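Hi everyone, thanks for making time this morning. I'd like to walk you through the ligand site of a structure that may be new to you. Let's bring it up on the screen.

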Amino acid sequence: MLIDKISSANGVLRVPGDKSVSHRAVMLGSLADGVTEIKGFLMGADCLSTIECFRKMGVGIDVASEKVTVRGNGMRGLKKPLETLYTGNSGTTTRLLCGILSAQNFDSVITGDASILKRPMGRVTKPLSLMGANIENEYCPLIIHGARLHGIEYDMPVASAQVKTAIILAGLYADGVTLIREKEKSRDHTELMLGAMGADIKIDGLDITVGKTNKLEAVNTVVPGDISSAAFFMVLASIMPNSCVTIENVGVNPTRTGIIDVLRDMGADIKLENIRESAGEKAADITVRSSTLKGVVIGGEIIPRLIDELPVIAVAAACAEGTTVIKDARELKVKETNRIRAVVDEFTKCGIDITETDDGMIINGGADIRGADFRTYGDHRMAMSLTVLAQAAYGESTLDDADCARVSYPNFFDDFRTLGK
Ligand code: S3P
């Protein structure tokens with residue numbers, strides 16, 4: 001696809017619902033007693049995979065435009081799936097399901113697309129087996145034999161909300177208490193939602209304690225816009241001249257707002273207005289205007305708070321004056337693709353001065369950027385980040401696979417064009 005070029009970005013828009021919250025609302029709604037209505041649900045391919053998996057386990061789920069209704073089966077009400085559970089491109093579906101399925105009284109098999117087959121699952125199967133889970137393989141397909149679980153104390157070796165959540169979900173079924181110690185705080189949507197549903201869960205700084213929970217109350221959810229999707233337009237408005245974009249109703253849970261902190265550090269003009277809260281999840285309208293950006297160092301505890309935004313932050317860095325260092329971001333190597341390698345290879349095609357490091361990259365910004373024929377590696381966030389990068393380049397750019405954006409943002413290219421009009 002030839003990437004459209006716009007000369008500035010202006011307008012007011014809403015981005016689709018938060019992916020992490022949408023997945024969790026369906027999963028926890030399926031385990032609840034009663035009916036859960038989810039408004040603002042992300043109708044992206046990943047979250048639809050979650051719905052399909054729970055339907056295969058006997059949960060009644062209706063989908064009508066952006067509203068999803070889940071008729072929960074209760075903690076012990078899932079049925080043995082008659083087929084393999086297919087999670088598509090979704091790491092969140094795959095890993096969170098492991099936590100739930102290891103505690104059922106039936107066996108199940110999970111698999112996904114070519115990218116999922118390459119993503120490490122040992123990071124969830126290992127702690128779950130310490131709890132008594134019986135899972136064959138460390139890569140998909142995973143064969144899960146339902147088992148009786150017991151609580152553990154677990155020090156998280158990587159900052160991963162998917163791993164943390166898998167253990168929490170298993171902990172709801174386990175005898176005794178499960179204590180998880182995080183090194184750095186990762187997104188806490190599961191903890192907030194479970195707290196609202198009456199689960200036995202306590203948070204104390206970086207420690208999470210979960211007790212056996214026989215019943216979850218269904219709680220209606222309003223999903224805020226996904227800050228990881230808003231990020232593309234935040235960077236676009238910052239780097240394009242004469243731009244002003246307002247993205248309404250964006251989730252600004254503090255475990256997700258690293259992108260705002262970093263862009264402000266780089267000199268971006270970002271205003272948050274109308275901040276409100278629903279079931280512990282904060283949302284705001286975000287306005288971003290053109291600005292001159294400068295390079296910064298990004299590392300340490302902020303990394304889990306912006307991990308999915310790093311490809312588009314790299315775009316901001318390429319357009320900034322000076323050097324940006326991204327470090328402590330090894331996790332990028334095990335995302336939908338190796339995002340360190342993918343960013344470095346694609347940016348290099350444009351003449352950007354970028355170097356791969358073991359845990360991130362170094363970008364010397366401010367040089368001329370030329371258009372290129374980009375590869376997305378089937379990764380939605382690469383497709384959208386490269387579309388933003390193409391705006392800062394002279395000449396034409398193409399994408400080999402624009403369709404992969406539908407995983408998290410089905411209307412991305414329409415919204416992008418609207419901002420350019
Ligand atoms: C997610 C956690 C993050 C993130 C992913 C969604 C979640 O992954 O990259 O897009 O919903 O829990 P990790 O847990 O692997 O860091």
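Here is something to start with: which domains each give at least three residues to the shell around the ligand? Before I answer, please keep in mind that this is a predicted model. The answer is domain 1 (10–16 + 224–420) and domain 2 (19–222), with at least three residues drawn from each.

So where does the ligand sit? You'll find the ligand in the largest pocket. Three elements give two or more residues each to the shell: α1 (19–31), α3 (91–101) and α6 (161–173). Of the elements, α1 provides the largest share, with three residues.

Now the residues themselves. There are 13 around the ligand, and those that come nearest are Ser20, Arg24, Ser160, Asp308 and Lys335. By character, the shell holds six charged residues, four polar and three nonpolar.

Let's look at some individual contacts. In serine 160, a side-chain N or O atom is 2.7 Å from an oxygen atom of the ligand. Lysine 335 also uses its side chain: a polar atom there lies 2.7 Å from a ligand oxygen. With glutamine 162, it is a backbone N or O atom that lies 2.8 Å from an oxygen atom of the ligand.

And how much of the ligand does the protein bury? On its own the ligand exposes 380 Å², and the protein buries 95% of that.

That's my tour of the site. Thanks for listening!

Conventions:
Residues numbered from 1 in each chain as written. Predicted model: local features only at pLDDT ≥ 70, side-chain atom pairs only at ≥ 80, totals over all residues. Heavy atoms only, no water. Near = heavy atom within 4 Å. Polar contact = N/O pair within 3.5 Å; in protein donor to acceptor, adjacent residues only side chain to side chain. Areas by Shrake-Rupley, 256 points an atom, 1.4 Å probe, with all protein chains shown as cover. 1 Å grid on protein atoms, 1.4 Å probe; cavity = no way out; pocket = protein on both sides within 12 Å on 5 of 7 lines; lining within 4 Å. Sits in = over half its atoms within 2 Å of the grid points. Helix = DSSP H or I, 4+ residues; strand = E, 2+ residues; numbered from the N terminus. Nonpolar A, V, L, I, M, F, W, Y, C, P; charged D, E, K, R; others polar. Domains from an automatic or database assignment.
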